[in-house]
Every structure is written in structure tokens, then in C-alpha cells.
Amino acid sequence: MAGKRALVVYDTKYGSTEQIANWIAEGINDADLRHVGDVESFNYDLVVVGCPIYSEMPSPRIIQFLDRNRDVLKNRKIALFTVSVPFDMTPERARRFAGQKDIKPLFDHASGQVIASKAFLGRIDLKEMTEFDRLSMRIWYFLKGYKLKEVNYLNRDEAVAWGKKLLETLTKPPDVIPPQPKQSDAPPSFPGGGAENK
Ligand SMILES: Cc1cc2nc3c(=O)[nH]c(=O)nc-3n(C[C@H](O)[C@H](O)[C@H](O)COP(=O)(O)O)c2cc1C
């Protein structure tokens, strides 16, 4: 059986990026899904790379992955995504969230042709966090003047739809250069003028 067309690579700490990566792979419908530590092959047309944002930065493991594999990735189409929950997020803001600021470092490290990028919203579940992360979050929110709450903005439909769009981009035939008119068919170069008046 032929291999899959796309690879979805992710890093995660508490599972939300893995969940979104799963939905993206489902939307592509022709993708292998791998944790960043388990990638063995790059034999794909498209490599989708995603990670969570911690302390306003993409996860270092994903940056290292992009750097370490620069040579092989420069011949691939790449799609990038992040998962985050900015401290000022509200359900109303979530509907309009674009959040491309934190994704920039991924662009800086991606060597291939980046065909798409997207910032997804994740979740904050205080119960599942390490003591250290819970404390960091409390301090961080306090300093910024926001109330720390458990939230879940994971959106399956959005992630599946993005995966479908990636597949469309991949299967779209290359742009065809329209046939150029012959000299005799060429329109006059200015009103009343043109080759026929010479
Ligand atoms: C210690 C900590 C720091 C975080 N820092 C940020 C941040 O700087 N910016 C942001 O938008 N989200 C931040 N988040 C929210 C995470 O990006 C969010 O919880 C995401 O869903 C985690 O993904 P994961 O479950 O794949 O690890 C932080 C979360 C934790 C626990």
C-alpha cells in the first residue's frame, strides 16, 4: 500500500495539542500522526507541525525539530499551528481569535514552503497541571490582573475543517499558464492604435 500524503507532527504537555493534531489528521484523511519524538520518515508531500505555547513561546522541542531537520524539510510543503490560551481570552474573543503573534518563531525556523498556518485555542485544566505549572499560572494571571479560570476552547470542527483545507491545497492542480495570444491576435496597445494601423 502506498504511504500517506501528509505527516502531522506535534508536541504536547497536557494533551490538547495532541487532540487538535488528531482532528487535523482526521480532516486530511490521508495523514500519519506522530509525536515530535517519534518521527522516523519525511516521505510525505506535506508536513504539518504544531505545538503548545508556554511562556509566550512555542515549545523548544518543536523548534529543535525544525532546526535539526532543516535540510529534509526545505523540500517539503509545511503547515504550522500553535495551541494556546492567552490570559485575556473570553468566549466572545475566542470567536474572533487570530493569534498569529506567538506562531512567528515557528516561521523563523521552518525551512520549507509554508503553505498555511493557524493558531488554535486550547484548554486550561488546573487539576491536571503539575504543582509548579499551577503556581506559575496563578502568579502570571495575578501579575497581569486577570482571574485564572478553567476553560476549554478546543474546537473539533475548526481543526477538522483546517485539515480538509490542507488536503484541498495539496490536491489542487498546479496553476496552468493560459496560452499567450499570437502576435496577430494581440489587441491594440492603445485606443485607435495597434498593429493593424501600421
Ligand atoms: C505554565 C503554563 C504557561 C502557559 N503560558 C502560556 C502563554 O504564554 N501564552 C498562552 O497563550 N498560553 C499559555 N498557556 C496555555 C497553554 O498554551 C494551553 O493550556 C494549551 O492548551 C496547552 O497545550 P497542551 O495541552 O498541548 O500542553 C500556558 C499554560 C501553562 C500550564
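Five bridges join strand S1 (6-10) to strand S3 (46-54), and the two strands run parallel. Within this pairing, Leu 7 stands opposite Val 47 in S3. The model described here is a predicted one, and its chain holds seven helices and eight strands.

**Strand S1 and its partners**

S1 pairs not just with S3 but also with strand S2 (31-35), again in the parallel sense and over five bridges. At one point of this second pairing Ala 6 has Ala 31 of S2 as its bridge partner, and at another Tyr 10 stands opposite His 35. The chain passes from S1 through helix H1 (16-28) to S2, and the β-α-β crossover made in this way is right-handed.

The surroundings of S1 can be described face by face. Ala 6, Val 8 and Tyr 10 lie on one side, Leu 7 and Val 9 lie on the other, and all of them are buried, so that both faces of the strand are covered. Because five of the five residues of S1 are buried, the strand is largely enclosed by the rest of the structure.

**The nonpolar core**

In soluble globular proteins, nonpolar side chains tend to be buried together. In this model the largest nonpolar core has 37 residues, and those with the most contacts inside it are Val 8, Ile 24, Val 47, Val 48, Val 49 and Leu 80. The elements that give two or more residues to this core are S1, H1, S3, helix H2 (60-68), strand S5 (77-84), strand S6 (113-121) and helix H7 (156-171). Val 49 illustrates how the core is joined: leaving aside its neighbours within four places in sequence, Val 49 is in contact with Val 9, Ile 62, Leu 66, Ile 78, Leu 80 and Leu 106.

For the chain as a whole, 27% of the 198 residues count as buried. Among contacts between residues at least 6 apart in sequence, 82% join residues that are at least 24 apart.

**The shell around the ligand**

The ligand is surrounded by 22 residues, of which the closest are Tyr 14, Thr 17, Pro 52, Ser 84 and Gly 122. Two or more residues of this shell come from each of H1, S3, S5, strand S7 (123-124) and helix H6 (131-144). By residue type, the shell divides into ten nonpolar, eight polar and four charged residues.

**Two loop residues with positive phi**

Asn 29 and Ser 55 each have a positive phi although neither is a glycine. Their values and settings are set out below.

| Residue | Phi | Loop | C-beta neighbours inside 10 Å |
|---|---|---|---|
| Asn 29 | near 65 degrees | between H1 and S2 | 13 |
| Ser 55 | near 50 degrees | between S3 and strand S4 (57-58) | 6 |

The neighbour counts place these residues in separate classes of exposure. Asn 29 counts as partly exposed because 13 C-beta atoms lie inside 10 Å of its own, whereas Ser 55, with 6 such neighbours, counts as exposed. Asn 29 lies in the loop that leads from H1 to S2, and H1 is the helix through which the chain crosses from S1 to S2.

Technical notes:
Residues numbered from 1 in each chain as written. Predicted model: local features only at pLDDT ≥ 70, side-chain atom pairs only at ≥ 80, totals over all residues. Near = placed C-beta within 6 Å. Helix = DSSP H or I, 4+ residues; strand = E, 2+ residues; numbered from the N terminus. Nonpolar A, V, L, I, M, F, W, Y, C, P; charged D, E, K, R; others polar. Core = buried A, V, L, I, M, F, W, Y, C linked by C-beta atoms within 7 Å. Buried ≥ 20, exposed ≤ 12 C-beta atoms within 10 Å, placed from the backbone. Contact = placed C-beta atoms within 7 Å. Pairing = 2+ DSSP bridges. Right-handed = clockwise from strand over helix to strand, strands pointing away.
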